[in-house]
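Hi,

Here is the structure I promised to pass on to you. Please open it alongside this note, and I will go through what turned up.

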Amino acid sequence: LKKVFLTLIILIAGGLVIYNIGFNRLTVPHVTLTTLTGQTVSLKALKGNVVLVNFWATDCAACLAEMPTLASLHQQFAQQNFTLLAVAMNHDSINYVKTFVREHSLPFPVAFDSTGNIAQAFGTVQVTPTTFLIGPDGTLLKHYVGHLAIDELQTQIQSLLTTTSATTRH
């Protein structure tokens, strides 16, 4: 029974490693967002930047608690090749989203996914907050569900920006 259990654990762990390797090679979906201010943002056009896409909702306490952290990340890396995009889920109220963004002076672009197509393009996002880290080469590097591991994320963003900066100088 121990051998069966150990074999099962090894197979599951191996499957997770294979899944993670495959996930890391996925390219960014070719979606275009329209922000609440009317700005059109194409993820394809952001290639060369480190991009963080955060799916959230005004009825999600964890999402709302995370917004100051996202604002801080935006402020920290905005002058580098970093873009943070927040996408409000289609089950939310557009009026609640606009009110929250205005009252909290969110410094990054916010889009409203009225059709659910943006969430669908990212693999049918259903839980908020869900956040994707996209590398400058256009690959999905990390997929966070729930609270962000902010220290890890900051380190990874800084590393990607440093690598990108060094590459573009040569």
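Strand 6 and strand 7 make a hairpin with five residues between them, and G138 in the turn has a positive phi of about 90°. Please keep in mind that this is a predicted model. The two strands of the hairpin are antiparallel and share five bridges; F132, for instance, has H143 as its bridge partner in strand 7.

On to the sheet that holds them. It is open, with five strands in the order 5-4-3-6-7 and mixed pairing. Strand 5 (110-112) and strand 7 (140-145) are at the edges with a single partner strand each, so one side of each has no neighbour in the sheet. From one strand to the next, the twist averages 20°.

Strand 3 also pairs with strand 6 in the antiparallel sense, over five bridges, and there V53 has F132 as its bridge partner. Strand 3 (residues 50-56) and strand 4 (residues 82-88) run parallel, joined by seven bridges; one of the partner pairs is V50 with F82.

How many residues of strand 6 are buried? Five of the five are, so strand 6 is largely enclosed by the rest of the structure. T130, F132 and I134 are buried on one side, and T131 and L133 on the other. In a regular strand, side chains alternate between the two faces of the sheet.

Finally, the helices. Helix 2 (residues 61-77) lies across strands 3, 4 and 6, at about 165° to strand 3. Helix 3 (residues 94-103) lies across strands 3, 4 and 5, at about 170° to strand 5.

Best wishes

Definitions and conventions: Residues are numbered from 1 along each chain as its sequence is written. This is a predicted model: local features need pLDDT of at least 70, side-chain atom pairs count only at pLDDT 80 or more; totals for chains, interfaces and linings use all residues. Side-chain values use heavy atoms; hydrogens and water are left out. Two strands pair if DSSP finds at least two bridges between them. Helices (H or I, at least four residues) and strands (E, at least two) are DSSP runs, numbered from the N terminus. Axes are lines fitted to C-alpha atoms, for helices over the stretch in contact, and angles run from 0 to 180 degrees between N-to-C directions. Contact means heavy atoms within 4.5 Å. Buried means under 20% relative accessible area, exposed over 50%, partly exposed in between (1.4 Å probe, protein chains only).
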